[in-house]
Amino acid sequence: SFARLGFARCAVSRRASVWSMGYARRFAQVLLAAGCLLPLLAFPSASQPIPVPSADLKPWPAATHPALLLADLDGKPQDLAARAGSVVIVHFFATWCEPCRGELQSLRDVTSSMGRDVVVLAVNVAEVPARVRTFLAETPVPFPVLLDRDRAATKRWAVHTLPTSFVLDRGLVPRLTVEGDIDWTAAGVRRALQKIAAGEPR
């Protein structure tokens with residue numbers, strides 16, 4: 001049986017499609033007016049994140065960031081603390097999340113254009129390595145992909161939707177966050193990253 005999850009906002013762009021988790025079950029597309037609320041039914045595990053439509057960067061008011069230390073696909077430990085000195089984007093995603101595919105590509109493009117000023121740690125949520133490898137063979141990225149097999153990091157970072165991203169400045173101070181996919185190459189997004197990279201205060 002399915003319990004009720006609550007509500008998620010409809011996208012202004014009217015791209016309010018929700019993809020199922022587990023059992024390969026996809027919810028029907030929902031097209032509603034901007035600003036409405038979309039009631040959602042729960043997936044088999046209500047603790048799993050759900051995908052949401054595209055969104056905007058917002059201030060991340062946290063004073064400090066949660067710890068992030070996970071192994072990548074090669075079994076090598078990757079520690080967020082070691083990334084101090086660059087602007088860091090921590091990106092939570094899953095292979096079944098269709099918007100995540102395009103966002104990974106835009107993350108690849110923005111890191112390529114901004115060089116060492118911006119680095120990415122992508123965190124795959126609760127999937128086996130073989131599936132992630134297959135996905136990355138089709139959508140290759142130049143940054144580390146970490147495996148959060150038990151969703152412990154996902155819970156620590158209070159991630160409830162996929163994709164979700166967090167931006168930290170060079171001192172690893174929380175600055176911005178976004179729930180939903182975003183084009184990291186968009187002019188406004190690039191300006192926000194450039195300001196953080198330049199050391200501008202909140």
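A crossover is called right-handed if, with the strands pointing away from the viewer, the path from the first strand over the helix to the second runs clockwise. I set this down at the head of the notebook because the term returns in the entries on the sheet.

**Entry 1. Overview**

I noted at the outset that the model is predicted. I looked up the secondary structure and found four helices and twelve strands in the chain. The chain has 202 residues, of which 48% are buried. I then turned to contacts between residues at least 6 apart in sequence, and 72% of these join residues at least 24 apart. For the surface I recorded about 10,200 Å² exposed by the chain, with 55% of it supplied by carbon and sulfur atoms.

**Entry 2. The sheet**

In what order do the six strands of the open sheet stand? I read the order as β4-β12-β11-β7-β8-β9, with mixed pairing. The edges are held by β4 (58-59) and β9, each of which has a single partner strand, so one side of each lacks a neighbour in the sheet.

I went through several of the pairings in turn. Strands β7 and β11 run antiparallel and are joined by five bridges; in this pairing H91 has S165 of β11 as its bridge partner. Strands β7 and β8 run parallel, with seven bridges between them, and V88 stands opposite V119 in β8. Strands β8 and β9 are also parallel, joined by four bridges, and here V123 stands opposite L146 in β9.

**Entry 3. The crossovers**

I checked the handedness of two connections. The unit made by β7, α1 and β8 is a right-handed β-α-β unit. The unit made by β8, helix α2 (residues 129-138) and β9 is right-handed as well. Strand β8 thus has a part in the one unit and in the other.

**Entry 4. Strands β8 and β9**

Is β8 enclosed by the rest of the structure or open? I found seven of its eight residues buried, so β8 is largely enclosed.

For β9 I looked at the directions of the side chains. V145 and L147 point one way, L146 and D148 point the other way, and all are buried. In a regular strand the side chains alternate between the two faces of the sheet.

**Entry 5. Helix α1**

Helix α1 covers residues 98-114, and its 17 residues reach 25 Å from the first C-alpha to the last, close to the 24 Å expected. I listed its buried residues, among them P99, C100, E103, L104, L107, V110 and M114. An α-helix has 3.6 residues a turn, so residues three or four places apart point the same way. The cover over the buried residues of α1 includes β7 (87-93), β8, α2, β11 (164-168) and α4 (187-197).

I also looked up S113, which lies in α1. S113 is partly exposed, with a relative accessible area of 44%. Its C-alpha atom is separated by 9.9 Å from that of R190, although the two residues are 77 apart along the chain. Just after the helix, G115 takes a positive phi of about 60°.

**Entry 6. The nonpolar core**

Which residues have the most contacts inside the largest nonpolar core? In this core of 48 residues I found them to be L68, L80, V90, F92, W157, W184 and L193. The elements that give two or more residues to the core are β7, α1, β8, α2, β9, β11, β12 (174-179) and α4.

I followed L68 further. Leaving aside neighbours within four places in sequence, L68 is in contact with Q78, D79, L80, V90, L121, V123, L146, A153 and W157.

**Entry 7. Backbone exceptions**

Most residues other than glycine have a negative phi, and most peptide bonds are trans. I therefore searched for exceptions to this pattern.

A126 has a phi near 60°, a positive value in a residue other than glycine. This residue lies in the loop between β8 and α2 and is partly exposed, with a relative accessible area of 29%.

A158 is not a glycine either, yet it has a positive phi of about 55°. I located A158 in the loop between α3 (152-156) and β10, partly exposed with a relative accessible area of 43%.

Where is P163 found? P163 is in the loop between β10 (161-162) and β11. The peptide bond leading from L162 to P163 is cis, with omega near -5°.

Methods. Residues numbered from 1 in each chain as written. Predicted model: local features only at pLDDT ≥ 70, side-chain atom pairs only at ≥ 80, totals over all residues. Heavy atoms only, no water. Buried < 20%, exposed > 50% of the residue type's maximum accessible area, 1.4 Å probe, protein only. Contact = heavy atoms within 4.5 Å. Areas by Shrake-Rupley, 256 points an atom, 1.4 Å probe, with all protein chains shown as cover. Pairing = 2+ DSSP bridges. Expected span 1.5 Å × (residues − 1). Core = buried A, V, L, I, M, F, W, Y, C linked by side-chain atoms within 4.5 Å.
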